[in-house]
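Work through the exercises below with the model open. Try each task before reading its solution.

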Amino acid sequence: NYDLILANALEALAETDPGVRSLYVDEFQDSAPIDLRIYESLHLNLFFVVGDPDQAIYGFRGGDVTGLLYLVNKPGASVVYLQDCFRCGLGICARANALIQRNTVRSPKRMRAVKEVWVDYTTAGYETDLEERAALVQRIRERLVEIPATDIAVLVRYNVEREKIVAALDSAGIPVAGKKEPVPQDWRYAVATLNLIATPDNLMA
């Protein structure tokens, strides 16, 4: 149980000093409150973190972007904003900035496109997820006349969305990566058995 491991670590740090004096943490925006408590329990001379509050995606495991914002606003903290974007051009940066500024729980930063290329893009809205997937399938069909399927990517926020889109593309006969192998029906029993062997006192197993 990962949560139990973290709780035990925090408890152990109250009684001992592991001697860690420098700590470097990447993707700090996805740290949970207990992670920050563990870090601050160490007697650090240097605490260096890298994170982007606009890319916090681990809320499902307790990730809380306010931890990063707490460090940014902590007295004595040295903050460097990395705002140059090498991933996309002016058009996408402009649209992303306009959207993310609606989020009030973030740092005061603004992406700057390093590549002075304006990439055409379109936006569309749909009443239902089913309509959206149908439109996506049709759009990809049209693009396949000009480019191979390996040059097309579909980005989603949640795995459940990815699974539905993969299924829609596959049923339409469009080549798609990311198809999952079928999971045996008794996999839950196997996992519970292994948990019980590893932690006999775990009543949840």
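**Exercise 1. Find what covers the buried residues of α4, then list those residues.**

Solution. The cover includes β3 (84–85) and β4. Contact here means heavy atoms within 4.5 Å. Helices (H or I, at least four residues) and strands (E, at least two) are DSSP runs, numbered from the N terminus. Next, the residues: G91, C93 and N97 of α4 are buried. Buried means under 20% relative accessible area, exposed over 50%, and partly exposed in between (1.4 Å probe, protein chains only).

The model is predicted: local features need pLDDT of at least 70, side-chain atom pairs count only at pLDDT 80 or more, and totals for chains, interfaces and linings use all residues. Residues are numbered from 1 along each chain as its sequence is written, and side-chain values use heavy atoms, with hydrogens and water left out.

**Exercise 2. Place S107, and state whether it is buried or exposed.**

Solution. Start with the chain. S107 sits in the loop between α4 (90–100) and β4 (112–113). Then take accessibility. S107 counts as buried because its relative accessibility is 5%. Now look for partners beyond four places in sequence: S107 contacts P53, L69, V72 and Y81. Take L69 as one of them. S107 and L69 are separated by 38 residues in sequence, and their C-alpha atoms are 7.0 Å apart.

**Exercise 3. Trace the largest nonpolar core and name the elements that build it.**

Solution. A nonpolar core is a set of buried Ala, Val, Leu, Ile, Met, Phe, Trp, Tyr and Cys residues joined through side-chain atoms within 4.5 Å. The largest has twelve residues: L6, L10, L13, L23, V25, F28, L36, I38, Y39, L42, L68 and L71. Two or more of these residues come from each of α1 (2–13), β1 (22–25), α2 (33–41) and α3 (66–72). A second, separate core has six residues, among them V137, I140, A168 and I174. In soluble globular proteins, nonpolar side chains tend to be buried together.

Now zoom in on V25. Beyond four places in sequence, V25 touches S31, Y39, F47, F48, V49 and V50.

**Exercise 4. What is the sign of phi at E27, and where does this residue lie?**

Solution. Phi of E27 is near 55 degrees, so positive, in a residue other than glycine. Most residues other than glycine have a negative phi. E27 lies in the loop between β1 and α2. At 44% relative accessibility, E27 counts as partly exposed.

**Exercise 5. Describe the fold as a whole.**

Solution. Count first: seven helices and four strands. Their order along the sequence is α-β-α-β-α-β-α-β-α-α-α. Then the dimensions. The C-alpha trace spans about 65 × 50 × 30 Å along its principal axes. Of the 205 residues, 20% count as buried. Finally, contacts: among those with a separation of 6 or more, 62% join residues 24 or more positions apart.
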